[in-house]
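Reader: Hey, got a minute to go through this one with me? I'd like to start with the aromatics.
Author: Sure, pull it up and ask away.

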Amino acid sequence: ALAPDRYGEAHFLVTLSDSGGLEGGGANASAAQQLAIMVEFVNQAPSFSTSRDVVTTHEDLDIETPKFEDDFARNLTLGPDIALENNQTVAYTVTPAPGQEEAAARLFVEGPGVYANGTLYWTQRPNFFGD
């Protein structure tokens with residue numbers, strides 16, 4: 001089994017032996033053959049955490065004006081090997097949870113979304129509230 005998140009190259013010697021024994025000058029093992037196994041790097045998923053699970057705002061507060069929650073997404077990591085993944089770009093995607101599509105459309109004019117710097121943003125519709 002491979003160790004998780006490991007890559008590189010390892011070299012081995014492989015021999016074949018039988019149960020015939022060594023009596024009378026016999027040989028029971030083949031010549032060694034070389035084997036190299038190369039485990040190639042694969043992209044690892046990025047990770048992040050959020051500053052909170054619930055963000056609360058008031059109905060009709062600055063109607064149709066964008067709202068912001070700074071430092072919402074934080075602790076971004078591109079993967080376990082920064083040297084190989086440091087050149088990647090990331091983008092947050094916010095989608096309604098299953099069954100919440102209508103509620104999201106009813107409550108928001110725009111968003112919610114998360115900017116690359118981790119700021120949560122949204123624009124709510126006037127006269128609507130709920131969770």
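Reader: So how many aromatic pairs are there?
Author: Four aromatic pairs come out of the count. Keep in mind that this is a predicted model.

Reader: Okay, how do Tyr7 and Phe41 sit against each other?
Author: Tyr7 and Phe41 are edge-to-face, with 80 degrees between the planes and 5.4 Å from centre to centre.

Reader: And which parts does that pair tie together?
Author: Tyr7 is in the segment before strand 1, while Phe41 is in the loop between strand 2 and strand 3 (47–50), so the pair links parts 34 residues apart in sequence.

Reader: Is Tyr7 buried, exposed or partly exposed? What about Phe41?
Author: Tyr7 counts as partly exposed, at 39% relative accessibility. Phe41 is partly exposed too, at 29%.

Reader: What kind of pair do Tyr115 and Tyr121 make?
Author: A stacked one, because the ring planes of Tyr115 and Tyr121 are at 20 degrees, under the 30 degree cut-off. Their centres are 4.2 Å apart.

Reader: Buried or exposed, what's Tyr121?
Author: Tyr121 is buried, with a relative accessible area of 17%. Its partner Tyr115 is partly exposed at 37%.

Reader: Which residues are in the aromatic cluster with those two?
Author: Phe68 joins Tyr115 and Tyr121 to form one aromatic cluster.

Reader: Switching to strands. What's the order in the open sheet of three?
Author: The order is 4-7-6, and the pairing is antiparallel. Strand 4 (67–69) and strand 6 (108–114) are the edge strands, each pairing on one side only. On average, neighbouring strands in this sheet are turned by 15 degrees against each other, ignoring direction.

Reader: How many bridges join strand 4 to strand 7?
Author: Three bridges join strand 4 to strand 7, which covers residues 120–124. As for a partner in strand 7, Lys67 bridges to Trp122.

Reader: Last topic, the surface. Which residues form the nonpolar patch?
Author: Phe12, Val14, Leu35 and Ile37 make up that patch, and together they have about 330 Å² of accessible area. Strand 1 (8–14) and strand 2 (33–39) are the elements that give two or more residues to the patch.

Reader: Where's Val14 in that, and why can it count towards a patch?
Author: Val14 is in strand 1. Patch residues need over 30% relative accessible area, and Val14 is partly exposed at 41%, so Val14 passes that cut-off.

Technical notes
Residues are numbered from 1 along each chain as its sequence is written. This is a predicted model: local features need pLDDT of at least 70, side-chain atom pairs count only at pLDDT 80 or more; totals for chains, interfaces and linings use all residues. Side-chain values use heavy atoms; hydrogens and water are left out. Patches are made of residues with over 30% relative accessible area and no salt bridge: like charges are joined within 9 Å, nonpolar side chains (Val, Leu, Ile, Met, Phe, Trp, Tyr) within 5 Å. Accessible areas come from the Shrake-Rupley method with a 1.4 Å probe; for residues, only the protein chains shown count as cover. A salt bridge is a side-chain nitrogen of Lys or Arg within 4 Å of a carboxyl oxygen of Asp or Glu. Helices (H or I, at least four residues) and strands (E, at least two) are DSSP runs, numbered from the N terminus. Buried means under 20% relative accessible area, exposed over 50%, partly exposed in between (1.4 Å probe, protein chains only). Two strands pair if DSSP finds at least two bridges between them. Axes are lines fitted to C-alpha atoms, for helices over the stretch in contact, and angles run from 0 to 180 degrees between N-to-C directions. Rings of Phe, Tyr and Trp (its six-membered ring) pair if their centres lie within 6.5 Å; planes under 30 degrees apart count as stacked, over 60 as edge-to-face and the rest as tilted.
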